[in-house]
Amino acid sequence: MPTPRDVLTPDALAMLQTVASTGSFAAAARTLNLVPSALSYRVRLIEDALDVLLFDRSGRQARVTEAGVELLREASRLLSEIDSVANRVKRVATGWEPMLTIAVDSVIARDPLLDLVNAFYALEPPTRLKLRDETLLGTIEALTSGEADLAIGAVLDAASLAFTATGIRSRPIGELAFVYAVAPHHPLARIDEPLSDDVLKQYRAVAAADSSRAGPSMTVNLVGGQDVLTVPTMQAKLAAQLHGLGGGFLPEPMARPYIEAGHLVERKTVRVQPLATMHCAWRVRTAGNPGRALQWWLEQFEHEGSRRALLERHRGR
């Protein structure tokens, strides 16, 4: 006895569509260049395997039953997906990757990143994109561990370079300044500047957790012995500081709109304001050039406007 998997082939689904569209077995047989009895036999095999009636044969016309309507609806979707897969496979053979995973540090502005995603999709590539949120050393670790193909916003200092794998290439995308900020109602908003470490130590800091899982982790601009509220991303750190839950250094472009609106207060500190050089990094294939999807993304970083937007054009600016 045939099973549903045996009978629900692309040819069989197309045959059922023809019967439904022509309205009779006789008309469908002429269209398919079959004798009516052969067509009727093939349809009956499908019905027996599914244990349902797909067409009502009580009249001169072949009327589709409710079960038939559902099968034909799925048939259209399945046949379309088969065509899509075939087209994607053909394009992958021309150098497009099936999947490109991008690790994005939480200091990167999301709107310009999504603008790039939109521009990429406008090419109608066969490559599927996967975006990963990472923070600090977790961004480069996602690349070196093989979980990502491209890292945007990686901080490549001595600690991160200590565990980067061979075959990783990088280029700077720009410098990112940080400012110390607190909510207007926070006690540090009213203390004389510059704020010393002894003063900062008395109040809770908000820190974005390093998303590194296997390698070393990074702690940035915290005072020893200070109470710390740890949050998962830089966006969460901004939200916590807006709520007055603590103070800390924020990327200047991310904090500036809130400072200008009076929702945050910028404070000078004795310690030097951080200035980080951000990079994009990618894995080099053992043979040949980067795939076409990765190559497209790398070309975007050649434009200063794109690099600046990723670091500076946060929402509100």
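How many bridges join strand S6 to strand S11? Nine, with S6 (residues 168-182) and S11 (residues 275-283) running antiparallel. Keep in mind that this is a predicted model. Here's a quick tour, starting with S6 and its partners and then moving out to the chain.

**Strand S6 and its partners**
- On the S11 side, Ile168 of S6 sits opposite Arg283.
- S6 also pairs with S9 (residues 248-251), again antiparallel, through four bridges.
- If you want a spot to look at there, Tyr180 has Phe249 in S9 as its bridge partner.
- Strand S10 (residues 265-267) is joined to S6 as well, by three bridges, and these two run antiparallel.
- In that pairing, Val182 stands opposite Val265 of S10.

**Overall fold and dimensions**
- The chain's secondary structure adds up to 13 helices and 11 strands.
- Its radius of gyration is 30 Å, whereas a compact globule of 317 residues would have one near 20 Å.
- Along the principal axes, the C-alpha trace spans about 95 × 45 × 35 Å.
- Take the contacts between residues at least 6 apart in sequence: 71% of them link residues at least 24 apart.

**Burial, surface and charge**
- Out of the chain's 317 residues, 44% count as buried.
- About 16,500 Å² of the chain is exposed, and carbon and sulfur atoms account for 52% of that.
- On the charge front, there are 35 positive and 36 negative side chains.
- The centres of those two charge sets lie 4 Å apart.

Note on methods: Residues numbered from 1 in each chain as written. Predicted model: local features only at pLDDT ≥ 70, side-chain atom pairs only at ≥ 80, totals over all residues. Heavy atoms only, no water. Pairing = 2+ DSSP bridges. Rg over C-alpha atoms; globule rule 2.2 N^0.38 Å. Buried < 20%, exposed > 50% of the residue type's maximum accessible area, 1.4 Å probe, protein only. Contact = heavy atoms within 4.5 Å. Areas by Shrake-Rupley, 256 points an atom, 1.4 Å probe, with all protein chains shown as cover. Lys, Arg positive; Asp, Glu negative; His and termini not counted. Charge placed at Lys NZ, Arg CZ, Asp CG, Glu CD.
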